[in-house]
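Reader: I should like to learn how the features of a structural model are to be read. Please take them one at a time, with the general idea before the particular case.

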Amino acid sequence: MLVTKPFLVTIDFYSDVSATVRGLQSVFQEQEMTENVHDSVGHGYLATFVGKNGRFAILRMHSHGLVTFDLQCLEGDDVAQVDNLLNALEKKLKALLDGNIQRIKRLPALIRGSDVDCYWPTADGRLMEYDIDEVVYEKDSAYQNIKILHSRQFGHILILNGDVNLAESDLPYTQAIMGSGKEHYAGKEVLILGGGDGGILHEAVKLKPKMITMLVIDGCRKHMRKTCGNVLDNLKGDCYEVLVQDCVPVLKKFAEQGRTFDYVINDLTAVPISTAPEEDSTWEFLRLILDLSIRVLRPGGKYFTQGNCVNLTDALSEYEKLLGRLSCKVDFSKEVVCVPSYMELWVFYTIWKK
């Protein structure tokens with residue numbers, strides 16, 4: 001396992017870059033690290049330092065006033081020695097640059113090659129470090145890679161094809177995609193597309209619907225119990241039936257048969273990050289699901305689905321344009337909800353026939 005400890009320094013100007021580099025060399029010599037300094041003419045200096053204990057450091061002094069330093073060390077390295085090195089470097093920089101420093105910032109250590117992967121990106125491309133301490137389950141199904149990881153903060157987290165899908169902490173997600181408590185499900189017929197974590201089904205059966213039909217390709221009834229309860233233990237219950245089938249042919253069959261529902265809840269996929277529908281087949285899949293779902297929606301019925309991160313304004317705008325190009329005219333509203341394990345605000349849509 002490799003640990004990288006970065007820190008950044010922003011300064012007003014360099015009086016003498018080469019002198020600053022030479023002045024810092026004593027810090028590394030005390031640690032018995034050998035150096036190799038490169039003058040990238042007009043673009044500052046790059047220095048690398050190698051220690052006998054496997055430490056490797058990169059010091060970059062940019063001509064525009066930024067100093068970056070990355071220290072790589074192996075698991076089990078002496079933490080006190082590493083901290084002493086960083087403290088000595090910071091002290092020396094302050095002495096050499098004599099009041100020209102605007103800001104010094106040490107970043108948390110980045111850990112690579114560990115048994116448990118703690119880093120997962122948000123939808124808008126920011127890297128998050130989760131407090132994951134265990135791989136609970138991992139398998140490639142016929143359709144996707146499935147991981148369930150344990151977080152001390154969020155409980156079990158379901159990750160599909162590298163995307164954080166849902167954690168046991170994420171009841172706000174389930175409530176939002178069901179209408180945020182504003183709907184009356186009692187005596188109604190409900191169609192759920194996806195939702196293999198079982199959260200929507202678990203919450204929906206509590207509301208005494210007439211019947212729930214759920215179409216899913218993969219389900220996690222064992223390792224997400226705080227989300228699904230025991231509702232996935234059986235594929236049939238008093239008011240629900242789970243069909244382990246591709247939803248597209250089933251939706252087409254329902255449309256041909258004239259079968260309709262009061263609510264359709266689409267938990268298949270988020271709105272794509274790409275804003276080029278001609279280059280991303282997910283957009284065509286979304287349009288197909290939307291068209292078929294609206295066809296099986298009763299007059300006065302509602303279609304619920306997730307959008308994506310609130311920061312992805314272009315992708316969300318493209319989705320709203322798509323709603324205007326369906327075979328049936330629709331109207332929509334949207335709601336923004338904080339989903340705990342996503343660590344970002346998420347958009348949810350309610351759609352109905354005009």
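Reader: To begin with a single residue, in which helix is the place of Lys253?

Author: Two preliminaries are in order. This is a predicted model, in which local features need pLDDT of at least 70, side-chain atom pairs count only at pLDDT 80 or more, and totals for chains, interfaces and linings use all residues. Residues are numbered from 1 along each chain as its sequence is written, and side-chain values use heavy atoms, with hydrogens and water left out. Helices (H or I, at least four residues) and strands (E, at least two) are DSSP runs, numbered from the N terminus. Lys253 is placed in helix 6, which covers residues 247-257.

Reader: How many helices and strands does the protein chain have?

Author: The protein chain has 8 helices and 20 strands. Its radius of gyration is 27 Å, well over the 20 Å that the globule rule gives for 354 residues, so the chain is more spread out than a compact globule. That radius is taken over C-alpha atoms, and the globule rule is 2.2 Å times the number of residues to the power 0.38. Along the principal axes, the C-alpha trace spans about 80 × 40 × 35 Å.

Reader: How is burial to be read, and is Lys253 buried, exposed or partly exposed?

Author: Burial is a matter of relative accessible area: buried means under 20%, exposed over 50%, and partly exposed in between (1.4 Å probe, protein chains only). Lys253, with a relative accessible area of 41%, is partly exposed. Of the 354 residues in the protein chain, buried residues make up 49%.

Reader: Which residue does the UniProt annotation "active site" cover?

Author: Such a label calls for some caution: UniProt positions are given in the numbering used here, feature names are shortened, and annotations may be inferred rather than shown by experiment. In this case the annotation, from an unreviewed UniProt entry, covers Asp267. Asp267 lies in strand 17, residues 261-267, and is buried at a relative accessible area of 10%.

Reader: Which residues does Asp267 touch, not counting residues up to four places away in sequence?

Author: Contact means heavy atoms within 4.5 Å. On that basis Asp267 touches Tyr173, Ile177, Leu193, Gly194, Gly195, Asp197, Ile200 and Gln306, with residues up to four places away in sequence not counted. For the protein chain, residues 24 or more positions apart account for 59% of the contacts with a separation of 6 or more.

Reader: Where is the place of Val242, and what surrounds this residue?

Author: Val242 belongs to strand 16, residues 240-244. Val242 is buried, with a relative accessible area of 6%. Leaving aside neighbours within four places in sequence, its contacts are Leu201, Met214, Val216, Leu232 and Leu235.

Reader: Where is the place of Ala186, and is Ala186 buried or exposed?

Author: The place of Ala186 is in the loop between helix 3 (171-177) and strand 14 (189-194). Ala186 counts as exposed, at 51% relative accessibility. Its contacts, leaving aside neighbours within four places in sequence, are Leu207, Lys208 and Pro209. Sequence separation may also be set beside distance: Ala186 and Met211 are 25 residues apart along the chain, and their C-alpha atoms are separated by 9.5 Å.

Reader: Which residue in the loop between helix 1 and strand 2 has a positive phi although it is not a glycine?

Author: That residue is Glu32, with a positive phi of about 55°. Glu32 lies in the loop between helix 1 (17-30) and strand 2 (33-39), and at 54% relative accessibility Glu32 counts as exposed. Asn161, also not a glycine, has a positive phi of about 50°. Asn161 is found in the loop between strand 12 (155-160) and strand 13 (163-167).
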